[in-house]
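Please open the model in your viewer and get your selection tool ready. We will go from stop to stop, and at each one you will hear what to select.

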Amino acid sequence: MSTDTAPAPQSFEFQAEIKQLLDIVIHSLYTEKEIFIRELVSNASDASEKLRHLQLTEKNIHDADRPLEITVTTDEKAKTLVIEDAGIGMTRDELAKNLGTIAHSGSKAFLKALGEGGQKNSNLIGQFGVGFYAAFMAAKSVEVFSKSWQPDAPAYVWRSEGTGNYTLEPAPEYTTRGTKIVLQLKDDAEDFAKKHRVEDILKKYSAFVSFPIKLDGDHVNTVTALWLRSKNEITDEEYTAFYKFQAHAYDEPRLRLHFTADAPLQIASLLFVPKENPEKFGMQRAEPAVSLYCRKVLIDSRPKDLLPEWLRFMKGVVDSEDLPLNISRETMQDKALLEKIGKTVTSRFLKFLADEAKARPETYDAFYAEFGVFLKEGAALDWTHKDGLVKLLRYESTFTEAGKTTSLADYVTRLKEGQSEIYYLSGPSRAAIEAGPYLEGMKARGLEVLFCVEAVDEYVMNNVREFDGKKLVAADSPDAKLPDAPKPPAADGDLSEDQVKTLAEWLKTTLGDRVTEVKASDRLVDSPALAINADRFMTPQMRRMMMAMKKDEPEAPVKVSLELNPRHAVIKRLAATREANPERATMVAEQILDNALIAAGLFEDPSKMVARLYKLLEQL
Ligand code: ADP
Ligand code: MG
């Protein structure tokens, strides 16, 4: 080995997670080892696409004229397979970082699934894709020669046998830009050195790679832009294969929309909704992933300003002939154009969802159960598409069976005469809301109430504000303008108006600062009292959040307005006891308020209540 310029190879240890991953990959009995070719070709394609993109902005690129091809070479005698690209390449540091530490989201998800008890299931490899490391399923050693696009970066070779470590060494003999991966195949993987075998695999997995793939000199893929072909020529299998390739996905798409538009802009688009909401477990935020093309040329694989934030779960492609190739987000003109394209695509998608909801309600409901949270976010924040989004919202209501939902439009068809508002109640679950006192008055009036049981719902309702000219109003808010309730028949011992007034005044004095107001209510039928949160913006959820945020500072005590049901036996008894036994009446008054706070989700400190209850119980 020479000498002054080339120092000896340096050896490095893999990150612990990578070691674990490699151990599994090498010892796995996973039968479809062939997917390593898919992974390596997809990396070659990514690197080529990155270079194509770089060409738009960088003048100084090493080997600028080298064509963006992927070449695959088999050698049966030597038992090797070589995959080479002319992509962006990697510097020494990039080799170490990209191939020595875990950055790959698929590998991360794979390890996580294993952690959750998937050890036995070698299928997981195929499901998640372990990226580059899949190479070690078939190879006993892997060499990665790479020369970065940056003109002054020297070439390096990364070598490993997939055990604990890898080496890095300068590779001055590798002078072309890009990456060459040399796999020395294992004895039981010699098949992958056979041309026809590799050809089958490339056709199966890499049909959509948008760069020519040459296998031992022969061109094996026809570069297709599926989105530009006519719908009725494309099979479901092709669509799914494209989705998996384009979105780097391992699931089947839940919905797809393929359309073209001519006005106001030339657009061809193929969009997919994945099976599952990637943010479901609160683990990570989805990144925008609808790629932007101009006549089949990728402009940006993750354009940030194309689609609104709430569509970040969507996958697919938008191609517009009207785009300049060197589009820049900085120029106002380009920004406006992007926005216009995004707006057209978003409107089409919303219309598609509305049609879907009509034609295939069950499919739509299943979509909504998984992705409704994004629609809610959009309805609350995206003023451009708010109307379309609000129509897509679905809620359970007092008029639907548990598990069934209604749209706001359907709610409106059921408005009672004189009803000018749409009512909702928030709570942790339908059952919890049903058990509270707030529905009584609504039921007595025959008014429908939507159940808001998700954390975002209250926020959504506050932002959406109205639908079809009807205000959205919390049924437990001081703003609710309820129509008159049918009067219950008079009964013996009913309190007179004066008696109710005196009782309310006494309660206000007795409860002091804890209440802003005490009055008779017509919202109640079966409960003696209810509390209306005086600060309508400080909802119970909001309060809990504030308290969690500033743990040491006590939040100001809750203030509520207390509404009484004068026909309720407890209230009647209280009116009678007030004079006869003021001490006991005071305890009862406080207990009634606490009970109302519990029902409102606003009760915070039980210590006093327990002592008081025992005192009351003593008087049995
Ligand atoms: P992923 O492709 O999902 O990021 P991989 O494990 O397949 O994960 O690859 C890890 C990283 O290594 C890639 O993100 C990329 O930065 C780098 N890489 C792999 N192959 C190549 C290549 N042929 N050219 C340039 N960079 C590559
Ligand atoms: Mg990859």
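Start by selecting residues 421-426 and 470-474: these are strands β16 and β19, which run parallel and are joined by 4 bridges. Do keep in mind along the way that this is a predicted model. Within this pair, look for E421, which has K471 of β19 opposite it.

Now add residues 466-467, which make up strand β18; this strand pairs with β19 in the antiparallel sense, over 2 bridges. Click on E466 and you will find that its bridge partner in β19 is K471. The two strands β18 and β19 form a hairpin with 2 residues between them. Select D468 in that turn: its phi is positive, about 55°.

**Zooming out to the domains**

Next, colour the chain by its domain assignment: domain 1 covers 10-219, domain 2 covers 227-365, domain 3 covers 395-474 and domain 4 covers 497-618. How many Å separate the centres of domain 2 and domain 3? Taken over C-alpha atoms, the separation is 33 Å.

**Two loops to inspect**

Select H248, in the loop between α8 (236-246) and β10. Its phi is near 50°, a positive value in a residue other than glycine. Then move to P264, which sits in the loop between β10 (255-261) and β11 (267-273). The peptide bond from A263 to P264 is cis, with omega near 0°. For background, most residues other than glycine have a negative phi, and most peptide bonds are trans.

**An open sheet**

Select β20, β22 and β21 together: these 3 strands form an open sheet in the order β20-β22-β21, with mixed pairing. Which strands stand at the edges? They are β20 (515-520) and β21 (529-533); each has a single partner strand, so one side of each is left without a neighbour in the sheet. On average, neighbouring strands here are turned by 20° against each other, direction ignored.

Look more closely at β21 and β22 (residues 560-564), which run antiparallel and are joined by 5 bridges. One bridge to pick out is that of A531, whose partner in β22 is L562.

**The helix across the sheet**

Keep the sheet on screen and add α19, which lies across β20, β21 and β22 and runs at about 60° to β21.

Then show helix α16 (residues 497-511), which packs with α19 at an angle of about 85°, their axes 10 Å apart. The two helices α16 and α19 are therefore roughly perpendicular to each other. To see the contact, display W506, L507, T510 and L511 in α16, which meet A585, T586, A589, E590 and L593 in α19. By class, this contact has 6 nonpolar, 2 polar and 1 charged residues.

For the last stop, select helix α19 (residues 582-600) with helix α20 (residues 607-618): they pack at an angle of about 135°, with their axes 10 Å apart. That angle makes α19 oblique to α20, and α19 passes α20 in a left-handed crossing. On the α19 side, show R584, M587, V588, E590, Q591, D594 and I598; on the α20 side, show M609, R612, L613, K615 and L616. Colour the residues of this contact by class and you should find 6 nonpolar, 1 polar and 5 charged. As you finish, notice E590 of α19, which is part of the contact with α16 and also of the contact with α20.

Definitions and conventions
Residues numbered from 1 in each chain as written. Chains lettered and ligands numbered in written order. Predicted model: local features only at pLDDT ≥ 70, side-chain atom pairs only at ≥ 80, totals over all residues. Heavy atoms only, no water. Axes fitted to C-alpha atoms, helices over the stretch in contact; angles between N-to-C directions. Parallel < 35°, antiparallel > 145°, perpendicular 65-115°, else oblique. Left-handed = near helix turned anticlockwise from the far one by under 90°. Contact = heavy atoms within 4.5 Å. Nonpolar A, V, L, I, M, F, W, Y, C, P; charged D, E, K, R; others polar. Pairing = 2+ DSSP bridges. Domains from an automatic or database assignment.
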